[in-house]
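Here is a guided walk through a protein model, meant to be read with the sequence and the coordinates open beside you. Take a look at both before reading on.

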Amino acid sequence: MTVSIRRPRVAALAFLAVLSAAAPAAAETINLKADLKAANEVPPNDSPATGSLTAAYDTATKKLTWKGSYSNLTGPAVAAHFHAGEPGKNGGIQVPITGAGSSPFEGSATLTDAQASDLLAGRLYVNVHTAAHTAGEIRGQVQK
């Protein structure tokens, strides 16, 4: 009778070992930043404004959290976004940044798989828009 009790336990332990070996890699928080300048805009402009953004991306929850600030805009910020695009190329809006009408600002969003892939590959940038520069007054590529 002892043999029949041990077999299920051995089988259960073997099953748990297989599960733990197949478990996904541990979650990771990736720190990112962007340096916002008028010279980074496409095309560049002559605004004296500057800004910065720091962010953290949680690979398990796909949540991106950010804090940013800017100064010396030509007028009030009317919008800010994360856009898809490599340096020197414009791209579509991926994530709106609410509350960026004043500096400093902060927020968070849960990314899609495609957005997360672009973020981690350096293909997202932050853009702050004003009435004088509707396409964007300052811009910074989000980088690790």
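The notes below go from the core outward to a few residues worth a second look.

## The nonpolar core

This is a predicted model, so please read everything here in that light. A good place to begin is the largest nonpolar core, which has 29 residues. Within this core, Leu53, Leu64, Trp66 and Phe82 touch the most other members. Two or more residues apiece come from strand S1 (29–37), strand S2 (50–58), strand S3 (63–71), strand S4 (77–84), strand S6 (105–110), helix H2 (113–120) and strand S7 (124–130).

Trp66 makes a handy landmark if you want to look around inside. Setting aside neighbours within four places in sequence, Trp66 is in contact with Leu53, Thr54, Ala55, Phe82, Val95, Pro96, Ile97, Phe105, Glu106, Gly107, Ser108 and Ala109.

## Strand S3 and its partners

Which side chains of S3 are buried, and which are not? The two groups alternate along the strand. Leu64, Trp66, Gly68 and Tyr70 are buried and point to one face, while Lys63, Thr65, Lys67, Ser69 and Ser71 point to the other face and are not buried.

S3 runs antiparallel to S2, and nine bridges join the two. One pairing to find on screen is Ser52 with its bridge partner in S3, Ser69. S2 and S3 form a hairpin, with four residues between the strands. S3 also pairs with S6, again in the antiparallel sense, over six bridges. Here Thr65 has Ser108 in S6 as its bridge partner.

## Two buried residues

Arg139 sits in strand S8 (residues 138–141). This arginine is buried yet has no salt bridge. The nearest side chain of opposite charge belongs to Glu41, 5.1 Å away, and a salt bridge needs the charged atoms within 4 Å. The side chain of Arg139 does make a polar contact, at 2.9 Å, with the side chain of Asn90.

Gly51 is part of strand S2. Is this glycine buried or exposed? Gly51 counts as buried because its relative accessibility is 10%, and the cut-off for buried is under 20%. Leaving out neighbours within four places in sequence, its contacts are Ala34, Asp35, Leu36, Ser69, Tyr70 and Ile138. The C-alpha atoms of Gly51 and Pro104 are 9.7 Å apart, although the two residues are separated by 53 places along the chain.

## Backbone details in the loops

A little background helps here: most residues other than glycine have a negative phi, and most peptide bonds are trans.

Two cis peptide bonds can be inspected in this model. One runs from Val42 to Pro43, with omega near 0°, and Pro43 is in the loop between S1 and S2. Another joins Ser103 and Pro104, with omega of about 5°. Pro104 is in the loop between strand S5 (93–96) and S6.

Lys62 and Asn72 are worth checking for their phi angles. Lys62 is not a glycine, yet has a positive phi of about 65°; this lysine is in the loop between S2 and S3, in the turn of their hairpin. With a relative accessible area of 30%, Lys62 is partly exposed. Asn72, also not a glycine, has a positive phi of about 65° and is found in the loop between S3 and S4. Asn72 counts as exposed because its relative accessibility is 53%, and exposed means over 50%.

Key:
Residues numbered from 1 in each chain as written. Predicted model: local features only at pLDDT ≥ 70, side-chain atom pairs only at ≥ 80, totals over all residues. Heavy atoms only, no water. Core = buried A, V, L, I, M, F, W, Y, C linked by side-chain atoms within 4.5 Å. Buried < 20%, exposed > 50% of the residue type's maximum accessible area, 1.4 Å probe, protein only. Contact = heavy atoms within 4.5 Å. Pairing = 2+ DSSP bridges. Lys, Arg positive; Asp, Glu negative; His and termini not counted. Polar contact = N/O pair within 3.5 Å; in protein donor to acceptor, adjacent residues only side chain to side chain.
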